Structures are given as C-alpha cells and as structure tokens.
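Subject: Handing over a structure, with notes on what was found

Dear colleague,

Please find below the structure that I am passing on to you, followed by my notes on it. I have tried to put them in an order that suits someone who comes to it fresh.

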Amino acid sequence: MRRTPVDLFDYANSLNFGEVHFKTDAATGLQAIVALHNLSQGPAIGGCRFIEYPSTAEATRDALRLARGMTYKAAISGLPHGGGKAVIMRPANLPPEKRKRLFEVFGEFVDSLGGRYITAKDSGTTVEDINTIRRHTPHALGASPEQGGSGNPSPVTAFGVRRGIEAAARFKLGRESLEGVHIAIQGLGAVGSALAYDLHQLGARLSVADINPETVTRCVRELDATALDVDQIHAIDCDIYAPCALGGAINDTTLPQLRCQIVAGAANNQLLEDRHGLELHNRGILYAPDYAINAGGLINVALEYVGYDRERALAKTSEIYETMLAIFDRASSENLPTDVVADRIVEEKIFGQALR
C-alpha cells in the first residue's frame, strides 16, 4: 500500500486509477462507492464492503486502495478480470427490513454500470445480501447455491492461504509439511477460522487471537490452540505470523516486535506502507504478498462467472503454491522485497513495465 496523500485525486492518480462512482439514496440511507481501478484485462470483480466509516473520504480511500489490490490479485492469479471494489458506509442501527431495501438499491446501482463491475461478498456483507443484489442485477457472484451461486467463498480463500503458507514454509524453513510448525493467527473471522482448522489438520501448532472471545474459546477447545491477546499476538516467538483481520497489521509499532521467520496471512493490505515490505526484507522475514496469497476467494467467484465447478475452483486455487514460490524465487535472485517483486510481475503484464 502506498502512503495516502491528503487529496483524493492525488491518491487516485498515485494508484493509476480509472474511475469512481458514487450513489446516494435518502430513503434507505445508502451511501455507496464503486471504484474501478483497471479494466484492461476484463470486467472488474471485487467484493462489497459494508462497514462503518468515520468519513466519506476514508470510505473512498478504502475503496480506491482495495480496488487497486483486486486488479493486482486478478493479474497475479492469471484471471481475465480487472479490479474493482464497492464500499457501502454502514448506517448505525439499521433494521433488517431496511437493510434488504438498501441492498436492492445497491443492486440497481451495480446494474447501472453495465457489467463493468461485478460485485461479491466482502467484510460486513452476507450471502443473503448477495442473493438480494442478484434479484436486481446479474452482475453479482457468490449467491447461495440455491440461487445458482457458489456460496460463501471463505473456505476457498482459507485453502489458498494454506497453500501459500505451505509454499513459504518450504522456501524459508525447508519444510515439506506443516507438522509441528508454530503459526500465530491474528483474526478468527470466516477466513481466519477456516484457516485455523485447515492448519490444525496438517499438524501445525496454533496460537490464536480475536476480538470475539467465544471464537477463541472454540479454537482452544477444538484445535488445542493457545489463546493470546489481539494486541500481543504479533510479538510471540513463532515460525509464521498470519494476519487475518483488517489491514495495516505490519506497521511501525508491530514490525520491530516481530519474532517470526514468515509473515503469511489472509488480510488485505497487511503492510501499512510500502517501506514496511523493505523493512521485513532487511530483517530477513519472508513476506507472502497479501493479494497473491489470499486470492482464493476471487478465483472462486471468477470461475463462477464462467460456469462454477468447485473442484476446478479448488485446483486453480491450489496453484497459489506455485505462484508464491515463483515470487519468492525471483525476490531472492534479485535481492528485492517480495511485495516489490509481486507488483513488478503484475505491472509488467498490465502496463508493460514495473511502476516502482
């Protein structure tokens, strides 16, 4: 992630942006932003985030940053799609009946973009929300199987992250399996929890943290995990630190405290600033670029776009292992941070040259 300039146009230009669309609806309280970063590879796919924001400017910055990440995620995964993202500023105390109408209006907004943007589930949205959107536009992916969709993509995202962690363990630790590898997971949401269960099945030793104590208690009971405070888990002595909550987990405060050999998790925008990737590199900590390792959810819905087959989606997601090894190998041979190398692979494909 690049440092955010104050001016939103400057920020959009720094990300080589395409277009941004706004929609308001007084009756439902809808305040939505759709950011379309780059359509050169095909129509943009990106989730719809539905969370509270302190300001419209912060919501817009989030949409811009996340949409750029989706362009890079699609390209690094070899998908014929561009990157987009929707952000809806979540109203406080929204009753269920008003929520449904809000997503109906949002579906009409998506439809007005003529297929250039295809929406999907993201933080704060549910499969039922996607079902509602789908009744107002065909340009939505991840509806329930009963509605002809592929359902919740979180298990596939978690599977892809697991494959990326396996690649990182092989490259950095010389391990062909995760048996006995100590992995600290920050964030036990839909993806983080699924990842924890996958890693437990592979014999990994887990430490976990989340703001929801019930989720932590369940992982301790069922996975023999060790519970840690959310503000301390990054500093534990472990093999792999897996940020699986919101972005910015690697920052000026947490980075000096890391005692791991690998950072590999499911969260988007794990590096608060570009320079944090360089600092990880200089400290000898292997970083798995977030948009490459967490691409499973996008792969899943992108294959739904052409006709869903779960086994095909899992097979394509499994290729994240090879994608990560290619990034690690090139970063090692060129003595560059892994996030820089991942960006260069994408930019050489899209723009014909690296942008940094």
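Before the sheet is described, one term is needed: two strands are said to pair if DSSP finds at least two bridges between them. With that in mind, and remembering throughout that this is a predicted model, you will find an open sheet of six strands, in which the pairing is parallel and the order is β8-β7-β6-β9-β10-β11. At the edges stand β8 (226-227) and β11 (286-287), and each of them has a single partner strand, so one side of each is left without a neighbour in the sheet.

Within this sheet, strand β6 (residues 182-186) is a good place to begin, since five of its five residues are buried. The cover extends to both faces of β6, with H182, A184 and Q186 buried on one side and I183 and I185 buried on the other. This arrangement can be read against a general pattern, namely that in a regular strand the side chains alternate between the two faces of the sheet.

On one flank, β6 runs parallel to strand β7 (residues 205-209) and is joined to it by five bridges, with A209 of β7 as the bridge partner of Q186. The chain passes from β6 to β7 by way of helix α6 (residues 190-201), and this β-α-β crossover is right-handed. Strand β9 (residues 240-243) also runs parallel to β6, and four bridges join the two; here Q186 stands opposite P243, while I185 stands opposite A242.

Turning to the chain as a whole, the domain assignment gives domain 1 (8-72 + 81-147) and domain 2 (154-350). The C-alpha centres of domain 1 and domain 2 lie 25 Å apart, and the contact between them involves 20 residues of domain 1 and 15 residues of domain 2.

As for the interior, the largest nonpolar core has 61 residues, and those with the most contacts inside it are I165, I183, I185, L199, L206 and M324. Helix α12 (residues 320-334) supplies the largest share of this core, with seven residues, and the core draws at least three residues from each of domain 1 and domain 2. Another core, of 22 residues, lies apart from it and includes A32, A44, F50 and V110. As general background, nonpolar side chains in soluble globular proteins tend to be buried together. To follow the largest core from a single residue, you might start at I165, which, leaving aside its neighbours within four places in sequence, is in contact with L178, I183, L195, L199, I240, A264 and I293.

A second group of strands deserves its own paragraph. Seven of the eight residues of strand β3 (residues 44-51) are buried, so β3 is largely enclosed by the rest of the structure. Strand β3 pairs with strand β4 (residues 82-89) in the parallel sense over six bridges, and the bridge partner of I51 in β4 is M89. Together with helix α2 (residues 56-76), β3 and β4 make a right-handed β-α-β unit. Strand β3 is also joined by five bridges to strand β5 (residues 117-121), the two running parallel, and there I45 has I118 of β5 as its bridge partner.

Which residue does the UniProt annotation "active site" cover? In the unreviewed UniProt entry, that annotation covers K85, whose place is in strand β4. With a relative accessible area of 3%, K85 falls under the 20% cut-off and is therefore buried. Leaving aside its neighbours within four places in sequence, K85 is in contact with I33, V34, A35, G46, G47, A63, L66, A67, M70, Y117 and D122.

One further residue may be worth a look, namely T60, which has its place in helix α2. Its relative accessible area is 5%, and T60 is therefore buried by the cut-off of under 20%. Not counting residues up to four places away in sequence, T60 touches L8, F22 and I33.

With best wishes

Note on methods
Residues numbered from 1 in each chain as written. Predicted model: local features only at pLDDT ≥ 70, side-chain atom pairs only at ≥ 80, totals over all residues. Heavy atoms only, no water. Core = buried A, V, L, I, M, F, W, Y, C linked by side-chain atoms within 4.5 Å. Buried < 20%, exposed > 50% of the residue type's maximum accessible area, 1.4 Å probe, protein only. Domains from an automatic or database assignment. Contact = heavy atoms within 4.5 Å. Right-handed = clockwise from strand over helix to strand, strands pointing away. UniProt positions renumbered as here; feature names shortened; annotations may be inferred.
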